[in-house]
Amino acid sequence: MAANSSLVTKREQPVVSTVPPRPLRHGPPWPSGCAPSRSAVPTTSCATSSWPTIAAGPRRCRPAGIPSGVQDEATRSGAPQQDREPGAGRRPGPTGGGVGAVETWRGPTSPAATVRWRAAAGTAAALHRRAAATIAAAGGVLDAIRPIPADQREQHELAERLRAAASLLAPGWLGAPLDAQSQDAPLGGPDVPAFVRIGIAQPLDDARFPAVIPLLGTGHLTVDADSRDPRVAGLLRSVLLRLLAAAPAGSLLVRGIDTATAGQLFAPFAPLADAGLMPPPVTDRTGLRAVLAEAEQWVRPTRPATARYNRHDRTLLVVIGSLPELTEPADLARIGALAREGPEAGLHLLVAGWPPPPLTAQTSQAPLARSTMISLRNPYALVGDPPGASFGSPGPQLPGTGLNAPVFLDESPPTPLLDRVCRDLAARFHADYRRTLDELLPDPSDGLWTESAAKGLSTTVGHAGERPVSLGFDERTPHWLVGGRAGAGKSAFLINVLYGLCTRYHPDELALYLVDFADGTAFTEIVPERADGFLPEDGADPGRPWLPHVRAVGVQADREYGLALLRELDTELDRRSTEPDRRRILCVLDEFPTLLAEDDAVTAEALRRLESVARRGRSAGVHLILTGRPTPALAALRARRDPFLAQFPVRVALPGGADVLEPTNDAAAGLPLGTAVVNTAGGLGGPRGATRGHERMVRFPDPHTDADALAVLRHRLWADRPAGSTGPAVFTGYLAPPRPDASEPAAEPTGPVVALLGQVVEVPLRPAAVPLDPSPGRHLAVLGPGPAAEDVLDGLVRSLAAQHAPGDVRFVVASLVDEADPTAAALCAEIARRHPVEQVDTAGLAGALDLAGPGYLVVFGMDGAAPGAVPAEGLRALLRDGPARGVHLISWWRGVRRFADQLAAVAEPEPATGGAPEPDGERSDGTGPGNPATIDHLLFLDVPEPEVARLLGRAVRWRPRPGRALLYDRRTDRTSLVVPYATPTAANAR
Ligand SMILES: Nc1ncnc2c1ncn2[C@@H]1O[C@H](COP(=O)(O)OP(=O)(O)OP(=O)(O)O)[C@@H](O)[C@H]1O
C-alpha cells in the first residue's frame, strides 16, 4: 500500500488475520487471476497459492488453506466421524451427486433394483444434507474469519484512494513519476521529507498506486540484492534523487558506499561531489570504516552518561549500494548498531545487499532494525512493513504481512533529469555559500604587508554566516592541528592561510617552512618551477613566481627531511633564547602522521622535537601547523596523553577530521566540503545548543577555482619582494637531483677536489661532497649490489675528471666484474678526451697501486678480484700514503663482506686514539677511525641496516630504498642520508 497505508488499509483492506504471517521471501501474495499482467509474473493457481489476496478478484479466488480449514471446521461442527464416507469431504461434482450415486442410476430397474435405488437415494440424500451442513458451517467460519472480499470495483476505488493518499504523503519530487517530471520543477522544500515513493504497486492488471514508504525521520530501507542488480541501482538512484530534490537546500548530507561497481552507482551524482555537497563514494573497506566512523560520530550522544541524542539540524543519509566483499562481522555489527540508534539522531540508512551472505553460520545477519525491507522477485518486489507500522493491518496481536501487492520498483531516473537536478543543486550551493579567496585577503587598495607581526600573526580563515572568522598565531594560540579525510580540502585551507599571511606580513617579519610528506603537490605552486625540482638558492629562476616568505619547501619529503627541519627549528630556538628575533617562523607539516608512522628512532626523535619546538616556540615566535588525515596514531597520542598534543590549542576539523577534536565533541560530524570547525580550546566541545565562544563552523573558499587570480596574486607578491631575496630551497623527494655542472677548473685551484655524490637530506639543503685532500684514508668506496651503485661511481668519476685541467691528472680504470665492462669502457672513452687513461685488469690494478700522482684508481666491482690478487701490502700503502701524492682509490664493491675482509686484511695495528670517537661496537673490517690505512668515506646503496651497522660497529638509522644512499664519514663517525645525483645513464633510463 501507499505509505501510511495502515490508516487507509485498516478500514479498506480485507482482513487476513487467520492466515499465517507471510514470510516475505516466499511466493507471491496474490492468486492467479489477480496477478499483474506483466508477462514474466509467475501465476499461481488458487489451489496452490497459500496467501490471501488483497481483495477478491473476478473469480473470487480463495487460498488453498481455506477448504481444508472448512473441512476441519465441518468435522468439528458435528458431522460424526463414523458417518464419513469416501469422498464425503470433497466438493460436489458437476451433477451435484457423489460417485456412488451416479453408479446406481446405471443399474436395472427391477424391484430389487428399486430397493437398492431407494437405499442409494437415501444415502445420497444423507450425503447431500451433510454437504449442505458443511457448506453452511464453512460459510459461517469464512464470515467469521474474513470479510467477503471486495469486488473489482472496490479494488479500483481502493487503488484510487491510495493514489490520492500517496500524493498527499509524497508530493512533487517525492512521489511523481520521474520519467515524466518537468525539467522546471522547483527544487527544495520547507521540511525534510518524511515519505518517499519507491515504485508502483499493482494489485490488479489495471489497478495501481504509488508505493510510498516512510524514511527520513522514521527509519531505514534495505534491499536484499545489491547495486549490481539494475533494479536496485534504479531504486537507490531514484530515492536519492527524490530526497535531494525535495529536501531544503543543504539539509541532507549523503555518504555513498559502493564497492561492487566501484562507485558507478553514484556516478550520475558527480556534480554534487564536485560542488562539495556529497563526497565521492567510497569503494573499499577502509572507506566503509571511515563512513561508519563518521556516522557513529553523528549519532554519538554528546554526553554518553545521559544517553541523550544529539539533534542535528541536518540529516545524514548513508547509502550503501554494495558492501565490500567479506566485510568483517564487526563492521556489519556497526551498521546494525547505527540502524538501531540512528533515526533519533537524524541518521538514516539505505542499504542494498542486506543481509549480506554469511561468512559462517555464526555471522549471518538479522534484518536491519527499524527498516522497511524490500525483497526482489522477478520482475516485481515484495515490500515489508515499515518500522512500527503495518501495511496489512492484521490486528493488534498478529505480526504484519507487508504490502499485499507486488511492487514494480522505480527505474533509474532519466540521465538529463539527474544531471539537471545535480547541477542546479550544485549551482545553488555555489551561489549561496561559495566564497572566493579575495574575501579572505586584505583590500588590495591598502597595499601589501600592512600589518605588524610584533604581537602575533592573524588571518581570516573563513566565514561563519556573513562574519569573517580570524585565527592567529600568538602566545594563546601558537600552534594549529588540522584534520580531514582525503580530499577534505586541507590543501585548499592551507593555501588560503598562506596567502592570507603572506599578503599581510612583510617577508622580514614572517618566514615559512613547508613540508609535504604525502604524495600530493600541496606546495608546488608557491615555489619556483624547474622540471627537476632542485633549485639553486639564488632566486634567479624566473620559471614561476615564488612567495618571498618561503625559505624551504619539502615536496613529497622523506621523514628524515621533516626531522632535519625540526632539528633546525630546535637549534633556531636555542639561538633565540639568547638573541630574540622579531621575524616569526611558521612551519607547516602537511600529512604529519607520515613522519610519526613507524615505531622507530625517527618517530621517537620527531615527537620529542615537536614537543620541544611547540613548547619553546610559543613565546619565541616559532609556530607550527600540522595537518593530516585521520590516523590511529593521533588517537594513540591522545590516549597516552602525549605532551606534544597539549601544545596545540587550535584545532581545525575539516570533513572527516573529527579526530582532532575531543571524542565527545561531535561538532564536525557530517561537515560538507568547504567547511571546517575551528576550535581554540584544544578541541573541547561544550553544552549542546549553547553558543561556544571557542568554536565556529566556517566556510572557506577553494583557492583554485580562479587559477588566474591566484597566479596574479603570486606574481604581485614575488614582484614586490625585497631586493636580494633568494628563492626557497626546494627538496623534491621523488626526483634525483641533477649533478651540478662541473665548472671549468680554476687556473689556481684553492681547495681540494671534491667528489660530489648527491644532495644531503637536510635543512638547509647541502651537497654531499667528499674532499679528496692529501690526508691518509681519503678514498671513497661505493657499496651496493645493483647497477645504481655502478651508476653512482660512473657519474662521480666523470665529475672528478671535469674538475681537473686537461692532462693534469691520470686515471687507471679497472673493471673486475663482467657486468661493469661496458660502463668502464664508456667511461674510459669519455675521460680520454681530457686526461690520460689506462684501462687495466686485476694484474694491471695490482701493478698500479703505486701510481705516481696525481691520479685516480677507479675500480668497478673490486670484490670481484680473486683473494690475494690485489696484494695487501700494496693496497695498505695506497690507502695510507696515496692521498699525500694525490692518488685516491674510488671503488665500487657489490658486497659488504668482501669489502670488510679486504679492509681487515690490510688494516694496520690500531694506533693510540688521538681524541677521535671510539666506536661502540666492534668493526667487522677491523679498522678504527684513526687508522690511516683505510677508506674514510663509504656510500651505501641498498645495503640492509644490520650489515651497515656490523661494518661500522655501531647502530645506524637507515632504511634502504631506491634513490637513497647512506654516506658514512669515518673521521666524524657521522652518517647522512643522501639523494644521489642523477647519472646520465640513469636519467636517460627514466
Ligand atoms: N572550499 C571548497 N569548496 C569546494 N571544493 C573544494 C574546496 N576546497 C577544496 N575543494 C576541492 O576538493 C578537492 C580536494 O581538495 P584538497 O586537495 O584541498 O583536499 P586535501 O584534503 O588536501 O586532499 P588530500 O588529503 O588528498 O591531499 C579539490 O578538488 C578541491 O578543488
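## Around strand β7

Let's begin with a pair of residues: His220 has Ser371 of β7 as its bridge partner. This pair belongs to a wider match between strand β3 (residues 220-223) and strand β7 (residues 371-376), which run parallel and share four bridges. As you explore, please keep in mind that the model is predicted.

Strand β7 also pairs with strand β8 (residues 381-383), here in the antiparallel sense and through three bridges. Within this pairing, Ser375 sits opposite Leu382 of β8. The two strands are linked by a hairpin, with four residues leading from β7 to β8.

## Two cis peptide bonds and a positive phi

Which residues does a cis peptide bond join in the loop between β7 and β8? They are Asn378 and Pro379, with omega at about 5°, and Pro379 is placed in that loop. Another cis bond leads from Trp354 to Pro355, where omega is near 0°. You can find Pro355 in the loop that runs between β6 (347-352) and β7.

A further backbone detail to look for is at Ala262. This residue is not a glycine, yet its phi is positive, at about 50°. Ala262 belongs to the loop between β4 (252-258) and α7 (270-275).

## The hairpin of β10 and β11

Next come strand β10 (residues 457-464) and strand β11 (residues 467-473), an antiparallel pair held over seven bridges. One residue to pick out is Thr459, whose bridge partner in β11 is Leu471. In this hairpin two residues lie between the strands, and Gly465 adopts a positive phi near 65°.

## The ligand and its shell

How many residues surround the ligand? There are 17, and the closest of them are Gly489, Ser491, Ala492, Gly674 and Asp702. Sorted by class, the shell around the ligand contains six nonpolar, eight polar and three charged residues.

## Helices α12 and α13

Helix α12 (residues 559-578) and helix α13 (residues 601-620) meet with their axes coming within 9 Å and crossing at roughly 35°. The crossing of α12 past α13 is left-handed. On the α12 side, the contact includes Arg559, Leu563, Leu566, Leu569, Asp570 and Leu573. From α13, the residues taking part include Val602, Glu605, Arg609, Leu610, Val613 and Arg616. Counted by class, this contact of α12 with α13 holds nine nonpolar, three polar and eight charged residues.

## Helices α17 and α18

Another helix pair is made by α17 (residues 787-803) and α18 (residues 821-831), whose axes come within 10 Å and cross at roughly 10°. How do these two helices lie relative to each other? Angles under 35 degrees count as roughly parallel, so α17 and α18 are roughly parallel to each other.

Their contact is built from Glu790, Asp794, Val797, Arg798 and Ala801 of α17, together with Thr823, Leu827, Glu830 and Ile831 of α18. The classes in this contact of α17 with α18 are four nonpolar, one polar and four charged residues.

## A sheet of 10 strands

In what order do the strands of the open sheet of 10 strands stand? The order is β22-β21-β30-β29-β28-β23-β27-β26-β24-β25, and the pairing is mixed. At the edges are β22 (766-772) and β25 (837-840); each has a single partner strand, so one side of each is left without a neighbour in the sheet. On average, and ignoring direction, neighbouring strands of this sheet are turned by 25° against each other.

One neighbouring pair in that order is strand β23 (residues 780-783) with strand β28 (residues 937-940), which pair in the parallel sense over four bridges. Here Leu783 has Phe940 of β28 as its bridge partner.

Key:
Residues numbered from 1 in each chain as written. Predicted model: local features only at pLDDT ≥ 70, side-chain atom pairs only at ≥ 80, totals over all residues. Axes fitted to C-alpha atoms, helices over the stretch in contact; angles between N-to-C directions. Left-handed = near helix turned anticlockwise from the far one by under 90°. Contact = placed C-beta atoms within 7 Å. Nonpolar A, V, L, I, M, F, W, Y, C, P; charged D, E, K, R; others polar. Near = placed C-beta within 6 Å. Parallel < 35°, antiparallel > 145°, perpendicular 65-115°, else oblique. Pairing = 2+ DSSP bridges.
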